[in-house]
Amino acid sequence: MEKYYLFGDESGTPSKNDGINHFIYACVLIKESDLQKAREVRTYISQQFLNGNIIKASNRAISKNFSKRIQILIRKKMKIILRSRN
């Protein structure tokens, strides 16, 4: 049986009374056989869009820059689709 890895992140504050009225938790499930490829994708995004910095919403390259976030997602999605067709 193959191992799977679950990576998660959250946004918002579920219990504080600070004016934020949402809490989002997102996860990505990756098969162990795909783990190296996933790390390569993470490194590619970091190098291409974030000057080699780690992927974090607080990173100045994408903080409050939602169009840049969408650009990263769209560009990466297109590369994945094109590679899967080969």
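The paragraphs below lead through a predicted model, moving from a loop residue to a surface patch and then to a buried position in a helix.

A convenient starting point is the loop that runs between α1 (35-49) and α2 (66-85), for this loop contains Asn51. The backbone at Asn51 adopts a positive phi of about 55 degrees, although the residue is not a glycine. Asn51 has a relative accessibility of 70% and therefore counts as exposed, since the cut-off for that class is over 50%.

Exposure can also involve nonpolar side chains, and here the reader may turn to strand β2, which spans residues 23-31 and includes Leu29. Because its relative accessibility is 57%, Leu29 counts as exposed. Leu29 does not stand by itself in this respect, as it forms a nonpolar patch on the surface with Tyr4 and Leu6, and the accessible area of these three residues together is about 360 Å².

What, by contrast, is the setting of Ile72 in terms of burial? Ile72, a residue of helix α2, has a relative accessible area of 10% and is therefore buried, the limit for this class being under 20%. Once its neighbours within four places in sequence are left aside, the residues in contact with Ile72 are Ile45, Phe49 and Ile62. A further spatial relation links Ile72 to Ser46: the two residues are 26 residues apart along the chain, and their C-alpha atoms are separated by 10.0 Å.

Taken together, the model shows Asn51 exposed in its loop, Leu29 exposed within a nonpolar surface patch, and Ile72 buried in helix α2.

Conventions:
Residues numbered from 1 in each chain as written. Predicted model: local features only at pLDDT ≥ 70, side-chain atom pairs only at ≥ 80, totals over all residues. Heavy atoms only, no water. Helix = DSSP H or I, 4+ residues; strand = E, 2+ residues; numbered from the N terminus. Buried < 20%, exposed > 50% of the residue type's maximum accessible area, 1.4 Å probe, protein only. Patch = residues over 30% accessible without salt bridge, like charges linked within 9 Å, V, L, I, M, F, W, Y side chains within 5 Å. Areas by Shrake-Rupley, 256 points an atom, 1.4 Å probe, with all protein chains shown as cover. Salt bridge = Lys/Arg side-chain N within 4 Å of Asp/Glu carboxyl O. Contact = heavy atoms within 4.5 Å.
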